[in-house]
Amino acid sequence: MYAQAFFVAVFGLAAIGFGVVVFRTSSMVRSALALLFSQTAVGCMFLAMQTEFLGVLQIMMMATEMSIMAIFMVMFMMDPGGLGGMDMSHQKRFSIGAGVSAAVVAIAVALLSDWGPAAKQVVDAEAQTRALGMELLGRSMMIFETAGITILTAMIAATAVAIPVQNLASKRAKEASE
């Protein structure tokens with residue numbers, strides 16, 4: 001029990017630390033990698049809490065998402081390496097105030113809420129995974145399929161936008177002039 005709490009705390013602090021790095025770096029690619037590490041630490045927290053399915057799903061999803069995001073950033077950004085000295089934060093005073101306020105509210109809710117008694121009996125990991133799978137493939141199946149098709153459509157559209165369109169008439173005129 002103590003080892004589990006220790007690893008949850010370590011991965012939680014790592015997630016927060018990498019989350020801070022996301023906004024402290026001037027490179028979009030380094031920012032994407034820090035976000036990947038932050039979300040991977042969240043996935044490791046799930047693994048430490050013995051929710052293997054959610055942990056592996058979180059890590060796989062974030063690895064795929066962040067690699068696609070890094071590829072698109074390199075394609076579309078003028079300075080993805082951050083050599084031009086970008087500032088990754090906007091409205092600093094408001095952002096700090098909103099972040100501190102949200103943290104105070106979250107801590108107050110966590111400490112002052114009546115969470116009720118701890119579960120007396122917890123089902124094993126296999127039963128939890130089976131119940132989660134039935135939920136995902138049951139009534140939520142259409143939502144996930146729609147989200148997948150939407151993401152695929154957005155990726156195809158972004159690729160189509162990135163490819164330069166060549167006008168057939170200008171291409172023939174160029175060939176004729178040569």
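**Exercise 1.** How do the residues of the lining of the largest pocket divide into nonpolar, polar and charged?

*Solution.* This is a predicted model, in which local features need pLDDT of at least 70 and side-chain atom pairs count only at pLDDT 80 or more, while totals for chains, interfaces and linings use all residues. Residues are numbered from 1 along each chain as its sequence is written, and side-chain values use heavy atoms, with hydrogens and water left out.

Step 1. The largest pocket has a volume of about 620 Å³. On a 1 Å grid over the protein atoms alone, a pocket is an open set of points where a 1.4 Å probe fits, with protein on both sides within 12 Å along at least five of seven lines; lining residues have an atom within 4 Å of a point.

Step 2. The lining holds 18 residues, and Met61, Glu65, Ala147, Gly148 and Ile151 are the closest to the centre of the pocket.

Step 3. The lining divides into 15 nonpolar, two polar and one charged residues. Here Ala, Val, Leu, Ile, Met, Phe, Trp, Tyr, Cys and Pro count as nonpolar, Asp, Glu, Lys and Arg as charged, and the others, Gly among them, as polar.

Step 4. Two or more lining residues come from each of α3, α5 (125–137) and α6, and the largest share, nine residues, is given by α3.

**Exercise 2.** Determine how α3 is oriented towards α6 and towards α5.

*Solution.* Step 1. The axes of helix α3 (residues 52–76) and helix α6 (residues 141–162) come within 11 Å and cross at roughly 20°. The two helices are therefore roughly parallel (angles under 35 degrees).

Step 2. Ile68, Phe72, Met75 and Phe76 of α3 meet Met155, Ala158, Thr159 and Ala162 of α6, where contact means heavy atoms within 4.5 Å. Seven of these residues are nonpolar, one is polar and none is charged.

Step 3. The axes of α3 and α5 come within 9 Å and cross at roughly 55°, so these helices are oblique to each other. Oblique covers the angles left over by roughly parallel, by roughly antiparallel (over 145 degrees) and by roughly perpendicular (65 to 115).

Step 4. This contact joins Glu52, Phe53 and Leu54 of α3 to Ala125, Thr129, Leu132 and Leu136 of α5. By class, it has five nonpolar, one polar and one charged residues.

**Exercise 3.** Describe the pairing of α1 with α2.

*Solution.* Step 1. The axes of helix α1 (residues 2–24) and helix α2 (residues 28–48) come within 8 Å and cross at roughly 165°. The helices are therefore roughly antiparallel.

Step 2. The contact includes Phe7, Phe11 and Phe18 of α1 and Leu35, Phe37 and Met45 of α2. Its residues divide into 16 nonpolar, five polar and no charged.

Note on methods. Axes are lines fitted to C-alpha atoms, for helices over the stretch in contact, and angles run from 0 to 180 degrees between N-to-C directions. Helices (H or I, at least four residues) and strands (E, at least two) are DSSP runs, numbered from the N terminus. Grid points are joined across faces, edges and corners, and a volume is the space filled by probe spheres set on the points.
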